[in-house]
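Good morning, and thank you for making time for this presentation. Please have the sequence and the structure open as I speak.

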Amino acid sequence: MTNDIHWKQVSLLLFLEASVAISWIAYHEYQPEILDQFGFSNYMLEFAILQALVLMITPPIAGHLSDKIRNKGGDRLPIINIGVSVAAMIFMSVAASIYWNIDGWMVYLIPVFVTFWLVSMNLFRSPAISLIETFVPQAKLASVIAVFVLVFDLIYALEPSIVDLIQFFGASATFVLGGVLVFVSGFLLMRSFKNYDFEAENKNFDNETEDGKSDFLRVITTGFAYGLVLTGIFKLLPYLLGQENSWIAQYDINPNYLISAMVAVSAFVALWLGRNPQLLSVKKMLRIGWNLSLVALALLLLMNDLYSFIVGGLILIASFAMLSVSALPTVFYKLSAKQTVLGVGLYYSAIELCAGVGDVLEKF
C-alpha cells in the first residue's frame, strides 16, 4: 500500500473547484442585474427559494447516480463530464442573451438557463470532490484539504476585488470567461483520468470505514455545523456590520474587506494546521472548531464594540481554520467506499440548507 499523494490529479481537482468558486462569485454578482434586465425583478424571493431547493436536492441525487454507476463497474466521470459541459454551454447562452438583449418570448429562457446552470454546477461538484479520496490516503486527507481551504478562502477573501474586476469586464464577458474556466478545468480533469484505473487506486489506498458502513447522520450534522458558521461569517456579519449603529460606522472601513481579511488569515492558519497533523486529531479539531466558532460568532453578532470584535475575530480566525480543515476529512472517514459520492452530496446539501435559508431571509 502506498502513502503517496497523487498531486497531479489533486491539482486538477483544485483548478476545477477554483473555477467553480469564481463562477459562483460572478453568478451572485450578476444574478439580480440579469433578472432585473429581463423583467424578473419582482420574483427575487421565488428565485432564492428555487436556488435553495436546487442546491439542496441536486448534490445527493448526483451522488447517488455516481455511486450506482461506479458500483456497477463504471466510474463517476460521465456525471462530471455532463455537468461541466452543460454548465459551460449555459454560461455561453447567458452571455449571448445579455449581449443581444433578447426580448419577447425568449426572455422566459432566462429562468430556464438559471435553473439548469444551478443544476449542472451542482451535478459535478460532489462526484468531483469525492475523487480526492481516490488520490489521497486517509492519513493525509487533512493536509490536502488544507490546500483546498487555502485556495477557496483566498478566492472568497478577494471577492470584493474580484467583483470590481467582474464589473470592469461587464456581464457578458464575465459569463464567457466563467464558461471557459469551467470547460477548460473540466476538460483537463477528464483528459487526465482517461486511462486511470480508479478501482486499483481505491484498493491501493484502502479508504474504507472499519465496518464498511456509512454514518450519514454524522455527515449531515457536520455539513450543517459548517454551513451555520459559513452563513454567520458571510451573511450575518456583513449585514450587522453594515448597519448605521454598528461600531464600524465611525471608521472609514468597508465591512466586506474586514471580513475578507479575517478569512484570508484563517486560510493560512488552516494550511498550517493541515501540515501539522500531530497537533490535533481531525475529530478533536472539528469539535473544538465548532464550539469556539459558536463563541466567536456570539461575541461578534451580539456585542457591538471594537474590543469584542477583536477578541471574537481572533477566536473565529482560529476556530474557522480548525472547522474548515477537519469537516470534509471527517465526512470521508464516515463514508463507505460504495457511498462516498452520495455522502459528499448530503454534506454539501446540509451546507446549502443553511446558505439557502440565509438567502431567502435576505429577500424578505
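Is Ser319 buried or exposed? Ser319 counts as buried, because its relative accessibility is 0%. Please bear in mind throughout that this is a predicted model. Ser319 is located in helix α13, which covers residues 306-333. Apart from neighbours within four places in sequence, the contacts of Ser319 are Gly289, Leu292 and Ser293.

Ser293 leads us to the next topic, since Ser293 is also one of the α12 residues that meet helix α10. Helix α10 spans residues 216-241 and helix α12 spans residues 282-302. Their axes come within 11 Å and cross at roughly 25°. That angle makes α10 roughly parallel to α12, because angles under 35 degrees are classed in this way. The crossing of these two helices is left-handed. On the α10 side, the residues involved are Arg218, Thr222, Ala225, Leu228, Val229, Gly232, Ile233, Leu236, Leu237 and Leu240. On the α12 side, they are Leu286, Trp290, Ser293, Leu297, Leu300 and Leu301. By character, the residues of this contact divide into twelve nonpolar, three polar and one charged.

I turn now to helix α7, residues 159-169. Which residues of α7 are buried? They are Pro160, Ile162, Val163 and Ile166. Viewed down the axis of α7, these buried residues fall within an arc of 160°, so they line one face of the helix. A general point about helices is useful here: an α-helix has 3.6 residues a turn, so residues three or four places apart point the same way. The elements that cover the buried residues of α7 include α1 (7-37), α6 (141-157), α8 (171-192) and α11 (255-274). Just after α7, Gly170 adopts a positive phi of about 95°.

Of the covering helices, let me take α6 in more detail. How do α6 and α7 cross, and what angle do their axes make? The axes come within 5 Å and cross at roughly 60°. The two helices are therefore oblique to each other. From α6, Ile155, Tyr156 and Ala157 meet Glu159, Pro160 and Ile162 of α7. The residues of this contact divide into five nonpolar, no polar and one charged.

Helix α8, another of the elements covering α7, contains Leu189. With a relative accessible area of 0%, Leu189 is buried. Leaving aside neighbours within four places in sequence, Leu189 is in contact with Leu12, Leu13, Leu16 and Ile80. Leu189 and Tyr156 are 33 residues apart in sequence, and their C-alpha atoms are 23 Å apart in space.

Finally, I come to two residues of helix α2, which runs over residues 44-71. Gln51 lies in this helix and counts as buried, because its relative accessibility is 6%. Not counting residues up to four places away in sequence, Gln51 touches Tyr27, His28, Gln31, Leu118 and Asp359. Ile69 is also placed in α2, but Ile69 counts as partly exposed, because its relative accessibility is 34% and the partly exposed class lies between 20% and 50%. From Ile69 to Gln138 the separation is 69 residues in sequence and 23 Å in space, C-alpha to C-alpha.

That concludes the presentation, and I welcome your questions.

Note on methods:
Residues numbered from 1 in each chain as written. Predicted model: local features only at pLDDT ≥ 70, side-chain atom pairs only at ≥ 80, totals over all residues. Heavy atoms only, no water. Buried < 20%, exposed > 50% of the residue type's maximum accessible area, 1.4 Å probe, protein only. Helix = DSSP H or I, 4+ residues; strand = E, 2+ residues; numbered from the N terminus. Arc of directions from axis to C-beta. Contact = heavy atoms within 4.5 Å. Axes fitted to C-alpha atoms, helices over the stretch in contact; angles between N-to-C directions. Parallel < 35°, antiparallel > 145°, perpendicular 65-115°, else oblique. Left-handed = near helix turned anticlockwise from the far one by under 90°. Nonpolar A, V, L, I, M, F, W, Y, C, P; charged D, E, K, R; others polar.
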